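Open the model in a viewer and keep the selection panel at hand. The stops below are meant to be followed in order.

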Amino acid sequence: MRRAPVDTRTTVPVLDVTIPVFNEERDLEECLRRLHGHLQDTFPHSFRITVADNASTDGTLKIAERLAREFPELVVVHLDEKGRGNALRKVWLASPSPVLAYMDVDLSTDLAALPPLLAPLISGHSDLAIGTRLTRNSRVVRGPRREFISRSYNLMLHSFMGARFSDAQCGFKAIRADVAQRLLPYTVDNSWFFDTELLVLAERCGLRVHEVPVDWIDDPDSSVDVVRTALADVRGMARLTRDLVYGRIPVPELRAALARGPLPASSRADEQTRGSSLFGQLVRFAAIGAASTLAYLLIFLFCRGFMDPQLANFLALLITAVANTGANRRFTFGIQGGNPARHHFEGLIVFGIGLLLTSGALALVHRTTTPDRWAEVLTVVAANLAATAVRFLLFRLWVFRAANTTTSTGATTSTETAAS
């Protein structure tokens with residue numbers, strides 16, 4: 001199914017850019033003047049900017065209202081409740097514009113990325129568009145703590161929820177209004193997890209998400225509590241998983257109405273039979289294992305700088321085990337759909353075996369000698385390699401065995417049906 005291009009000759013603004021704010025009197029005026037000037041100079045269609053004031057207690061609302069009297073394209077909406085998700089949901093559902101976008105008030109993202117963000121939506125090529133800070137073509141300036149938390153969170157999204165988008169929380173996104181009207185009523189989160197919830201739901205419904213590498217500079221004075229936000233996002237993942245498992249969100253109905261259609265039958269057959277060859281599985285598992293071991297080593301060394309070796313080992317092994325299970329499920333054994341939660345639960349049991357091996361090796365080396373940092377590293381890497389061999393056997397013979405059997409049977413049946 002193709003989307004029709006947006007009618008840019010409409011009498012309403014083609015684009016509505018929302019700026020959600022809470023107590024931003026210091027940055028708001030500069031942000032609005034820069035954004036308004038940029039859109040006037042570069043956007044060839046009509047637009048409006050909506051300031052969504054989330055119960056500010058400083059002079060934010062007065063500044064926005066003063067600028068609205070100066071710029072006819074500026075609209076101010078005051079909300080009594082806090083929360084970025086709440087503001088975006090209410091403003092977008094009420095907006096008459098066919099293309100909706102939002103960005104953070106600090107304008108950390110270079111506005112040069114705005115045209116490539118909007119073009120696929122206007123043409124009908126894509127349904128949502130997001131800025132990403134996590135591709136090799138992105139240019140990002142931010143501290144290692146934020147970088148580590150952001151990448152770990154997105155890694156969890158890929159592993160636990162099967163997400164394919166690269167950056168859930170970049171404050172630079174756009175969506176077609178016809179798609180937003182169908183998806184937004186099923187979003188629940190009123191805060192920062194709103195972005196993730198919307199993107200996961202869009203992918204589950206078969207929509208196309210376009211990604212734009214951005215140039216992004218961290219705001220050192222940002223009031224966002226990164227750790228608290230990350231913990232809230234993890235709780236949001238658990239809640240969204242329950243909603244999807246128990247059917248609160250009618251994904252099949254939304255997919256039937258919105259999805260762009262399945263892949264050709266030949267592509268699906270190729271995808272289904274990817275995991276059947278033992279040699280191919282070994283090659284892919286070895287590549288993923290090498291990447292996992294390197295990631296484990298880097299995370300262990302990073303964490304070891306401020307925590308004891310057993311805790312550093314636990315965190316490094318947990319993060320890489322989750323990623324390893326997701327990557328092997330998708331690439332080594334060629335499994336899509338099914339029950340990823342069960343596979344990850346069984347993968348955590350396999351993780352427990354690896355934890356016993358590495359923790360036991362660490363305890364043994366500390367009992368027999370007083371190792372330096374590199375002796376610790378060599379010990380845990382050797383134990384991790386042994387755990388990797390055990391992991392492959394358990395993945396092939398237990399965790400993914402039933403799924404591979406079902407997939408192979410389904411592929412055979414499809415082939416026989418086509419032949420007959």
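The tour goes from the whole chain to the sheet, then to its inner strands and the helices around them.

**Whole chain.** Colour the protein by secondary structure. The model is a predicted one, and it shows 15 helices and nine strands. Of its 420 residues, 50% are buried. Switch on the surface next: the accessible area is about 20200 Å², and 60% of that belongs to carbon and sulfur atoms. Among contacts between residues at least 6 apart in sequence, 79% join residues at least 24 apart.

**The sheet.** Hide the helices and follow the open sheet of seven strands, whose order is β3-β2-β1-β4-β7-β5-β8 with mixed pairing. Which strands stand at the edges? They are β3 (74-79) and β8; each has a single partner strand, so one side of each lacks a neighbour in the sheet. Neighbouring strands are turned by 20° against each other on average, direction ignored.

**Strand β4.** Select residues 99-103, strand β4, where five of five residues are buried. Val99, Ala101 and Met103 lie on one side and Leu100 and Tyr102 on the other, and both faces are covered. Now add β1 (residues 15-21), which runs parallel to β4 and is joined to it by four bridges. Leu15 has Val99 of β4 as its bridge partner.

**Strand β7.** Add residues 172-176, strand β7, which pairs with β4 in the antiparallel sense over five bridges. To locate the register, label two pairs: Ala101 has Ala174 in β7 as bridge partner, and Leu100 has Ile175. Is β7 buried or exposed? Five of its five residues are buried, so β7 is largely enclosed by the rest of the structure. The covered faces of β7 carry Phe172, Ala174 and Arg176 on one side and Lys173 and Ile175 on the other; note that Arg176 and Lys173 are among these buried residues.

**Strands β5 and β8.** Select β5 (128-132) and β8 (209-213). Three bridges pair β5 with β7, in the antiparallel sense, whereas β5 and β8 run parallel and are joined by five bridges. Centre on Ala129: this residue stands opposite Ala174 in β7 and opposite His210 in β8.

**Helices on the sheet.** Bring back α1 (28-42). Helix α1 packs on the sheet, touching β1, β2 (47-54), β3 and β4, and its direction makes about 160° with that of β2. Then show α7, which also packs on the sheet but touches β4, β5, β7 and β8; its direction makes about 130° with that of β5.

**Helix α4.** Select residues 114-123 and show side chains for the buried residues of α4: Leu114, Leu117, Leu118, Pro120, Leu121 and Ile122. These pack against β1, α1, β4, β5, β7 and β8. Just past the end of α4, Gly124 takes a positive phi of about 90°.

**Helices α3 and α7.** For the last stop, select residues 84-94 (α3) and 194-204 (α7), whose axes come within 8 Å and cross at roughly 55°. The two helices are therefore oblique to each other. Show the side chains at the contact: Arg84, Gly85, Leu88, Arg89 and Trp92 in α3 meet Phe194, Asp195 and Leu198 in α7. The residues of this contact divide into four nonpolar, one polar and three charged.

Conventions: Residues numbered from 1 in each chain as written. Predicted model: local features only at pLDDT ≥ 70, side-chain atom pairs only at ≥ 80, totals over all residues. Heavy atoms only, no water. Buried < 20%, exposed > 50% of the residue type's maximum accessible area, 1.4 Å probe, protein only. Contact = heavy atoms within 4.5 Å. Areas by Shrake-Rupley, 256 points an atom, 1.4 Å probe, with all protein chains shown as cover. Axes fitted to C-alpha atoms, helices over the stretch in contact; angles between N-to-C directions. Parallel < 35°, antiparallel > 145°, perpendicular 65-115°, else oblique. Nonpolar A, V, L, I, M, F, W, Y, C, P; charged D, E, K, R; others polar. Pairing = 2+ DSSP bridges.
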